[in-house]
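Student: Could you walk me through this structure and explain the words you use along the way?

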Amino acid sequence: MARTLFTNRSGGVSAPPFDSNNLALHVGDDSDAVFENRNAIAAQIGIPAGRVFYMNQVHGREISIVTAASRSESTPTADGLFTLDREVALVSLVADCVPLLLYSKEAIAALHVGRKGLVAGVVEAALEVFEKFGISLTDLSAEIGPAICGDCYQVDLDSYRQVVAQEPSAGSNEVRRCVDVSFGISAKLKRVGASVKNSEICVAHTPGYFSYRRDGRTGRQAGIIWLP
C-alpha cells in the first residue's frame with residue numbers, strides 16, 4: 001500500500017522568509033539549506049535521496065513517468081509524476097496550489113494542481129496514464145493536501161469563468177469570484193469512482209504553512225508519495 005506525507009514549514013534549516021523546511025530550489029533560498037531539508041525528508045521516509053523525484057512545475061498537464069532507473073537530478077518539466085516502481089518517492093511542491101497524491105495497489109502519482117492546471121486538465125491527464133497501464137479508476141484512492149481554500153482564493157473575472165467552464169463545482173459565486181481548486185479536484189475524481197480524502201487545511205489562514213498569496217516571497221511545502 002502506498003504511503004503519503006504532507007509537510008509543513010517547520011523542522012528545517014532555511015532562514016527567513018523561507019523558514020524553515022523549504023523544499024524548493026527556485027524561490028531564492030540557499031541551495032545548501034534546501035538540499036539539507038530534502039535529505040532530511042528522504043531519511044524520514046526511508047527512501048534514498050537519489051530516489052526522491054521532484055518536478056519543474058509549470059502549471060500545465062504534462063505527466064512524467066518515473067522508474068527506478070531514472071535519475072533524480074534530471075528534474076522533468078511536468079506537473080505530475082507517475083511510477084509503478086517501489087522504493088521511489090514522488091514529490092509535488094506547493095505554496096497555495098493543491099498537492100494531489102493518487103494511488104492504487106500497483107502505481108502512484110504526485111500532482112501539482114493550481115487554477116491553471118485544473119483548467120489545463122492535469123487531473124484528467126494523470127487518470128489517462130493510470131488507465132494506460134491497465135489500472136481501473138474505481139481502484140484509485142486520492143489524498144488532497146493542504147492548499148488555499150475557496151474563501152481565500154479570489155481571482156479576476158476572466159480566470160473565474162475559465163475555471164467554472166472547465167469544472168463548475170470549483171466556483172459558486174461570480175460576484176465574489178472565489179475558486180476552490182480542491183473541491184473541483186474532488187468532484188472530478190469522485191465522478192470516475194475514485195476514493196477521495198481531503199485535508200481541508202487552508203495554508204493561507206492556518207499558521208505553520210507556506211502561502212504565496214499571503215506572504216509573497218516564501219518557501220514551498222510538499223506532498224510526497226511512495227510504494228515501500
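**Helices, sheet and core**

Tutor: Let's start with H5, which lies across E6, E7, E8 and E9 and runs at about 20° to E6. Helices (H or I, at least four residues) and strands (E, at least two) are DSSP runs, numbered from the N terminus. Angles, from 0 to 180 degrees, are taken between N-to-C directions of lines fitted to C-alpha atoms, for helices over the stretch in contact. This is a predicted model, where local features need pLDDT of at least 70 and side-chain atom pairs 80 or more, while totals for chains, interfaces and linings use all residues. Residues are numbered from 1 along each chain, and side-chain values use heavy atoms, without hydrogens and water.

Student: What makes E3 and E9 edge strands?

Tutor: The open sheet has the order E3-E4-E7-E6-E8-E9, with mixed pairing. Strand E3 (63-65) and strand E9 (195-198) each pair on one side only, so they are its edges.

Student: How do you know that E6 and E7 pair?

Tutor: Two strands pair if DSSP finds at least two bridges between them. Six bridges join E6 to E7, so they count as paired, and they run antiparallel. Leu100 stands opposite Leu111 in E7.

Student: Why is the set with Leu100 and Leu189 called a nonpolar core?

Tutor: The name means buried (under 20% relative accessible area, 1.4 Å probe, protein chains only) Ala, Val, Leu, Ile, Met, Phe, Trp, Tyr and Cys residues joined through side-chain atoms within 4.5 Å. The largest such core has 39 residues, and Leu100 and Leu189 are among those touching the most other members. H3 gives the most to this core, seven residues.

Technical notes:
Buried means under 20% relative accessible area, exposed over 50%, partly exposed in between (1.4 Å probe, protein chains only). Contact means heavy atoms within 4.5 Å.
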